[in-house]
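Biologist: I am new to this structure and would love a close look at one part of it. Could you take me through the strands towards the end of the chain, and then show me how the rest is arranged around them?

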Amino acid sequence: MSDKAEPSIAGMREDYQNEPLRRKDLAETPFEQFHSWFSKAREAGIREPNAMTLSTIGLDQIPTSRTVLLKDLDQRGFTFFTNYQSRKGLEIEAHPGASLLFLWKEQARQIIVRGRVEKVSLDESEAYFQSRPYDSRIGAWASEQSTMIPNREWLVERNQMFCERYPETDQPDCVPIPEFWGGYRVLPSSMEFWQGGHGRLHDRFVYTKTDQGNWTIERLSP
Ligand SMILES: Cc1cc2nc3c(=O)[nH]c(=O)nc-3n(C[C@H](O)[C@H](O)[C@H](O)COP(=O)(O)O)c2cc1C
């Protein structure tokens with residue numbers, strides 16, 4: 001074994017060099033603040049800054065987490081697309097609440113969104129589905145997401161079957177949207193912005209939505 005030079009896992013640590021984050025640096029709404037940090041993550045060349053960890057409440061009450069891609073963001077909330085019959089789909093139907101976590105390690109930044117979840121309209125799902133490449137649209141049909149399958153060949157054959165059923169043509173809707181596929185929107189009730197600071201003096205601010213629909217901002221201890 002040649003692991004002599006490797007530090008132990010317990011010994012792995014980074015110090016963060018960000019300038020302290022002050023209340024006056026923050027936007028009045030968490031959406032503006034999100035856009036500001038998201039733009040900086042893009043400018044910094046972070047790969048897939050729209051990848052987020054989605055946590056849902058398991059049917060056994062134990063949380064389940066997985067990565068999904070943010071595909072739309074407006075004043076209502078954060079939208080991603082998936083299979084409605086997947087594990088996450090069934091969990092959201094049973095408990096329509098979720099948490100989203102963005103981690104931009106290179107900038108020592110994390111954003112956590114919590115809120116209720118709703119399905120987006122069929123028009124929105126269809127518009128996004130038809131904007132996807134042909135292979136992705138076929139893949140949505142082929143994958144009975146989260147179910148057990150015998151092997152990879154089984155999936156490849158199923159994919160081929162849908163390619164034959166829906167051949168690629170010039171028609172934009174040559175592959176129809178499956179009824180079991182579409183978007184969910186997480187409607188934030190709180191959004192926390194964390195930024196790593198020198199000497200473990202990190203900055204944390206949480207925006208919380210009031211009953212009147214305004215946002216309060218509070219600093220949390222790191
Ligand atoms: C970078 C990345 C992006 C992903 N984006 C999506 C996505 O947008 N939608 C989706 O359904 N699955 C996406 N996945 C796959 C999910 O993480 C997960 O494996 C799948 O949705 C099944 O989850 P479930 O069984 O908990 O429902 C992505 C995975 C990775 C690593």
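Modeller: Happily; what follows starts with a short overview, turns to those strands, and then visits the helices, the ligand and a few loops. Please keep in mind that this is a predicted model.

Let's begin with the whole chain. The protein chain has 5 helices and 9 strands. Read from the N terminus, the order of these elements is α-β-β-β-β-α-β-β-α-α-α-β-β-β, so the part you asked about is the run of strands that closes this DSSP-based numbering. Along its principal axes, the C-alpha trace spans about 60 × 60 × 40 Å. Of the 222 residues in the protein chain, 23% are buried. Taking contacts between residues at least 6 apart in sequence, 60% join residues at least 24 apart.

Now to your strands. β7 covers residues 181-195, and strand β8 covers residues 203-209. These two run antiparallel and are joined by 6 bridges. To find one of these pairings on screen, look for E192, whose bridge partner in β8 is V206.

β8 also pairs with strand β9, residues 215-220, again in the antiparallel sense and over 6 bridges. Here you can pick out two pairs: F205 stands opposite R219 in β9, and V206 stands opposite E218 in β9. V206 is therefore a helpful landmark, as a bridge partner of E192 and as the residue facing E218 across the pairing, where strands pair if DSSP finds at least two bridges between them.

Between β8 and β9 the chain makes a hairpin with 5 residues between the strands. In this hairpin, G213 takes a positive phi near 90°. As for β9, it is hardly covered: among its 6 residues, the count of buried residues is 0.

One more link belongs to this region. The C-alpha atoms of E14 and G196 are separated by 9.8 Å, although these residues lie 182 apart along the chain. E14 is found in the segment before α1, which covers residues 30-43. E14 counts as exposed because it has 8 C-beta neighbours inside 10 Å.

β7 also leads us to the helices. Helix α4, residues 134-142, has R137, I138, A140 and W141 as its buried residues. They cover an arc of only 150° around the axis, so they sit on the same side of α4. The buried residues of α4 pack against β7, and also against α3 (122-131) and α5.

Helix α5 takes in residues 152-165, which makes 14 residues. From its first C-alpha to its last, α5 reaches 20 Å, close to the 20 Å expected at 1.5 Å a residue. The number of buried residues among the 14 of α5 is 0, so this helix lies largely in the open.

Next, the ligand. There are 15 residues around the ligand, and those that come nearest are T82, S86, R87, K88 and S146. The elements giving two or more residues to this shell are β2, β4 (78-83) and α2 (87-94). β2 gives the most, with 5 residues. By type, the shell divides into 5 nonpolar, 6 polar and 4 charged residues.

Last come two loops with backbone angles worth a look. Q61 has a positive phi of about 75° although it is not a glycine. You will find Q61 in the loop between β1 (51-57) and β2 (63-69); β2 is also the strand that gives the most residues to the shell around the ligand. Q61 is exposed, because 7 other C-beta atoms lie within 10 Å.

A108 is another residue other than glycine with a positive phi, near 50°. A108 is found in the loop between β5 (97-104) and β6 (109-119). With 17 C-beta neighbours inside 10 Å, A108 counts as partly exposed, because a residue is buried only from 20 such neighbours upward and exposed at 12 or fewer.

To retrace the part you asked about, follow β7 into β8 through their 6 bridges, and then go from β8 into β9 through another 6.

Note on methods: Residues numbered from 1 in each chain as written. Predicted model: local features only at pLDDT ≥ 70, side-chain atom pairs only at ≥ 80, totals over all residues. Helix = DSSP H or I, 4+ residues; strand = E, 2+ residues; numbered from the N terminus. Expected span 1.5 Å × (residues − 1). Arc of directions from axis to C-beta. Contact = placed C-beta atoms within 7 Å. Near = placed C-beta within 6 Å. Nonpolar A, V, L, I, M, F, W, Y, C, P; charged D, E, K, R; others polar.
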